[in-house]
Amino acid sequence: MKTPFETGSGPLRWGMGSGASAVKAMVRIFCAAVAAVGLGRAGIVWAGPVEVAVQVDRAGARISPTMWGIFFEDINLGADGGLYAELVKNRGFEFPDPMLGWFMLRTSHGRGEVQIRTEEPFDPANPHYARIESRASTAMGLSNEGFRGMGFHAGEEYVLELRVRRVSGRPRLLIELVDDEGETLAEGRIGDLPQTWEKRSLRLVPDRTAARGRLNVLVEGGGTVDVDVVSLFPRSTWKQRPGGLRADLVQMLADLKPGFLRFPGGCIVEGSELDKRYQWKNTIGPVEQRRLLINRWNYEFKHRPTPDYYQSFGLGFFEYFQLAEDLGAEPLPILNCGMACQFNSGELVPMDQLELYIQDALDLIEFANGPVESPWGARRAAMGHPEPFHLRYIGIGNEQWGPQYLERYAAFARVLKERHPEIVLVSSSGPSPHDERFDFLWPRLVEMKAEIVDQHCYANPIWFFSSADRFDSYDPAGPKVFFGEYAAQSDRIVSVHNRNNWECALSEAAFMTGMERNAAVVVMAAYAPLFGHVDGWQWRPNLIWFDNLRVYGTPNYYVQQVFSHHRGDHVLPVRLSGDVAAPALARGGIGLGTYRTAAEFKDLVVRRGDEILYRGDFSKLPEGWRWPSAGRWEAVDGALRQGDPRAVSTAFVGGPDWTEYTLEVKARKIAGDEGFLIVFRDAFQNTRVQWNLGGWGNTRHGIQSWLGVQERLVTREPGSIETGRWYDIRVVLRGPRIECYLDNRLIHAVEVPVPVQDGFYASAVSDDAAGEVILKLVNAAPYERPVRIDLQGVKQVRPGSRGLILRGETLDDENDFDHPKRVAPRDWPVEIRSPRAELTVPSHALVVLRVPVER
Ligand code: AHR
């Protein structure tokens, strides 16, 4: 039973007094609470505590060591320009424009030219090189701009390597590191140049730090020189590996203690066309022989074009396996399954030609695990890792859907399970966990006894808060779930306005308690994407942001870290009762609209019981509405008219204080293809429901809902809208139930879940070695909550209970380079002395308690 209080006033309880007035009182209080949430005010509290009963004596499923892991993709300059520490862009002159990233540099007295040539390269696999012909004694040559500049730290050593050949004269190479003004930070010379290709190197130590530096490769003394594979790395890479990874970025990954590393993506696995798919065999062996490929994020988003984005594969499959090993994470490669990205070409490999793709998977297993005598095991050994990488999981396809996927997955599974029953297969279930593609795939994957199914979700925080119970109904005997890509979107998917704010992170924490409680089903999960370069991103939000010198973790990063560091061994069942969530009221404004149709609306009334929430007066264009830019809205003869028959346009009125109402309106189509759009429950960001009358080419009436950013078709019935006829439209909302009437005939009666508000979420696990109960509590409300904990089956609590808290001052709080730990875990002293304890969890907080117990 809910027992809301208003601060400073006496308790108002459900069920007290007459039923109707008590409900009214509750609704009033609830509306006040909603208003308070909206205004970000404190002042409303829930008097009754949340009761958290943990059955410590009934340990459930084992939590997979792979539970919390990492999704890596070369997006947002994640690999080239990011994790892969190479500072030179287009080092081998192999980009389609061989001079991309380079420009010619000549002092005022310098004379000469630069040419790109292909005759007698040092390696046919890397055919292009630059010829610098200097016809004066003053230096001239090339400058490389790096990836949005090059980051140089004062006093650190940088290693330059290049292939060089002297063609004529007695030239020397002058190598300079310069800042963005061209001021020299370090310089060195390479003389005695060979007449045939040789590899030469030089160490440089900048005397100042620069965030957007450059590398100059100049010819001094007159003469002609060929250069190729010009490379510059910090010496101090991760584990000091030459040509390795950026140490600060890998450290951020190591600090997550990830259970697995999924690579290499993401959509780059698929490619927009099949010839642009990721092929792991092209990413191993000597780096200069790895065949360059355009990165699909180069051109995917017209609003974030990145024309200089290519994959050098310096970070290739060997390095991914090595990284997974370094991190103590299970490697999880995702392979192309014979399908190009279905958001792009959707190109398919015919079934009778799939063998090549399946062979790639078999060879990958041998590359990772095979003996050094085997052909692919020998390749691994030649790269310096004779020991196996212990590959145990392979993903078949990234974000695939449809029957085409199922038949390809089945073909892979048939061969792989026969030849390698020890390898666990991960299958796709499309790009969203709540759409028709998913609804088609999931039951079929269950039937096919899929082992682990990858679900992806980019939705707004409301979706994550409301879906924490998503896995409660899953059958633990069915396929396991890999929640392989997820991130709360503060705006909407692929919007450039998405933020890594505390509200998103908190909603992810709430959702993660649901995954943890259902660790019998969910065995892997990862936030996505992982990295974003602040000057080179295509997609946001991202877990970790960096520039050429610095890095910081977002609030979302710290949520991941907290769950991973406190993963535990077994699930302990938790029962929540008391004031867990605000009542699930149908809530939100309404909208009237058209889809490529002109129409009129009149006699609009929104009523809650006897109360009129809104009555439309359309003698003139009413105030307080949100008018869209599309369409032509005007008041004509007492009706509201949208007069453009081609427009897709909806006008909105009302807000979250409209609850549990009936909407009535008359509508008439004037011209156009379809019918009317009646929107309701328009309460949070993109969350709303819509009755689409005469949709789908004027053949159907249907209900569509947006909980989060993705649309879901809830139901559809045959039906059309005639031109010139007035229709009576009525929508009745009661909690999740929706009834839609057309001319007093019930067309739809359905339930669409109402987003949870102000919820309280909890999960518990045991740390068996430490003999501790680990409790994770998420208070999503804008007020602190008293919490009563009952550790059932515990004889006594040993001394030493500890707590930590993660919260922002406001839901908008973010971290940045200047405040990298504004939202980060802090100690939260608690003293729990007995199995029954009381505490107060602050507003908008994730709290972790570790309680040493004796059973
Ligand atoms: O994480 C960004 C992209 O989102 C991934 O590449 C893809 O799998 C998903 O659509």
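Mentor: Ala, Val, Leu, Ile, Met, Phe, Trp, Tyr, Cys and Pro count as nonpolar, Asp, Glu, Lys and Arg as charged, and the others, Gly among them, as polar. Keep in mind that this is a predicted model.

Trainee: How do the residues of the shell around the ligand divide into nonpolar, polar and charged?

Mentor: The ligand is surrounded by Phe71, Glu73, Gly266, Cys267, Trp297, Asn398, Glu399, Tyr458, Glu485, Pro529 and Trp539. Glu counts as charged, and Gly counts as polar. Sorted in this way, the shell has 6 nonpolar, 2 polar and 3 charged residues.

Trainee: How far is an oxygen atom of the ligand from an N or O atom in the side chain of glutamate 399?

Mentor: A polar contact needs a pair of N or O atoms within 3.5 Å. Asparagine 398 has a polar side-chain atom 3.0 Å from a ligand oxygen, and cysteine 267 places a backbone N or O atom 2.8 Å from a ligand oxygen. For the side chain of glutamate 399, the distance is 2.7 Å.

Trainee: What share of the ligand's accessible area does the protein cover?

Mentor: On its own, the ligand has 280 Å² of accessible area. The part of this area covered by the protein is 96%.

Trainee: Is glutamate 485 buried or exposed?

Mentor: Glutamate 485 lies in strand E23, residues 480–488. Buried means under 20% relative accessible area. The value for glutamate 485 is 5%, so this residue counts as buried.

Trainee: Which side chain does a polar contact of 3.5 Å join to that of glutamate 485?

Mentor: Glutamate 485 touches several residues distant by more than four places in sequence, including Arg262, Asp454, His456 and Ala526. The polar contact of 3.5 Å joins its side chain to that of histidine 456.

Trainee: Which residue caps the N-terminal end of H9?

Mentor: Helix H9 covers residues 502–517 and reaches 23 Å from its first C-alpha to its last, close to the expected 22 Å. Of its 16 residues, 14 are buried. At the N-terminal end, a side-chain oxygen lies 3.2 Å from the backbone nitrogen of glutamate 503, and the cap is asparagine 501.

Trainee: How many residues of helix H10 are buried?

Mentor: H10 runs over residues 555–565. Among its buried residues are Pro555, Tyr557, Gln560 and Phe563. Of its 11 residues, the buried ones number 10.

Trainee: Is aspartate 812 buried or exposed?

Mentor: Aspartate 812 lies in the loop between strands E48 and E49. Exposed means over 50% relative accessible area. The value for aspartate 812 is 57%, so this residue is exposed.

Terms used
Residues are numbered from 1 along each chain as its sequence is written. This is a predicted model: local features need pLDDT of at least 70, side-chain atom pairs count only at pLDDT 80 or more; totals for chains, interfaces and linings use all residues. Side-chain values use heavy atoms; hydrogens and water are left out. Helices (H or I, at least four residues) and strands (E, at least two) are DSSP runs, numbered from the N terminus. The expected span of a helix is 1.5 Å times one less than its number of residues. Buried means under 20% relative accessible area, exposed over 50%, partly exposed in between (1.4 Å probe, protein chains only). A polar contact is a pair of N or O atoms within 3.5 Å; within protein, one must be able to donate a hydrogen and the other to accept it, and residues adjacent in sequence count only if both atoms are side-chain atoms. Contact means heavy atoms within 4.5 Å. A residue is near a molecule or strand if one of its heavy atoms lies within 4 Å of it. Accessible areas come from the Shrake-Rupley method with a 1.4 Å probe; for residues, only the protein chains shown count as cover.
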